[in-house]
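Here are a few exercises to work through with the viewer open. Try each one yourself before you read the solution.

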Amino acid sequence: MVPENEPVAACLGVLDEIIRASSDVTALADLVTPGFDIAGLEWLHSDPATLQSVSWVENQLVIAFKYSSTDYPFRCTFASDELGRWRLTSFEYGCPACFGDGLLNDSTCSICNGTGYDAN
Ligand SMILES: [Zn+2]
């Protein structure tokens, strides 16, 4: 991935560290916010990925990206802790019907109710 700026680069680095930590719960605990549900993190992998969007929501950095091997995007939200370290606060995978758009044929996607993410 090509980072757009320093916070984005730092957050993408956190994702890389999460991938390296794999199922090491102790290592993962330092990379996510307290109470984070690590289920789903196995979807992260080290394939080449491209950024889809970067935005800020209430001091949290929201990064959507897509792996070259899948059609649907992933969306990760990061928060900076008191020491300035970025931690993952949420991990969502894109809706397999609308691929993160929230729309199907110009109507609200009925699979994800228009959110574009976390359909199941
Ligand atoms: Zn959808």
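The exercises below deal with a predicted model.

**Exercise 1.** Find which residues have the most contacts inside the largest nonpolar core, and which elements supply this core.

*Solution.* Start with the core itself: it has 15 residues. Those with the most contacts inside it are Cys11, Leu15, Ile18, Cys76, Phe78 and Leu88. Next, sort the core by element. Helix 1 (6-21), strand 2 (60-67), strand 3 (74-80) and strand 4 (86-93) each give at least two residues. Helix 1 provides the largest share, four residues. As background, nonpolar side chains in soluble globular proteins tend to be buried together.

**Exercise 2.** Pick leucine 88 and list its contacts, leaving aside neighbours within four places in sequence.

*Solution.* Skip those neighbours, and what remains is Val14, Ile18, Leu31, Val32, Phe36, Cys76 and Phe78. Now cross-check with the core: Ile18, Cys76 and Phe78 are also among the residues with the most contacts inside it.

**Exercise 3.** Work out how strand 3 pairs with strand 2 and with strand 4.

*Solution.* Take strand 2 to begin with. Strand 2 and strand 3 run antiparallel, paired over five bridges, and they make a hairpin with six residues between them. Phenylalanine 65 sits opposite phenylalanine 74 of strand 3.

Then go to the other partner. Strand 3 and strand 4 are also antiparallel, with seven bridges. Arginine 75 has glutamate 92 in strand 4 as its bridge partner. This pair of strands forms a hairpin too, with five residues between them. Check the backbone in that turn: glycine 84 has a positive phi of about 85°.

Finally, look at how covered strand 3 is: five of its seven residues are buried, so it counts as mostly covered.

**Exercise 4.** Is valine 54 buried or exposed, or something in between?

*Solution.* Locate valine 54 in strand 1 (residues 49-57). Count the other C-beta atoms within 10 Å of its own: there are 16. Buried needs 20 or more and exposed means 12 or fewer, so valine 54 is partly exposed. For one last distance, try alanine 64, ten residues away along the chain: its C-alpha atom and that of valine 54 are 6.5 Å apart.

Key. Residues are numbered from 1 along each chain as its sequence is written. This is a predicted model: local features need pLDDT of at least 70, side-chain atom pairs count only at pLDDT 80 or more; totals for chains, interfaces and linings use all residues. A nonpolar core is a set of buried Ala, Val, Leu, Ile, Met, Phe, Trp, Tyr and Cys residues joined through C-beta atoms within 7 Å. Two residues are in contact if their C-beta atoms, placed from the backbone, lie within 7 Å. Two strands pair if DSSP finds at least two bridges between them.
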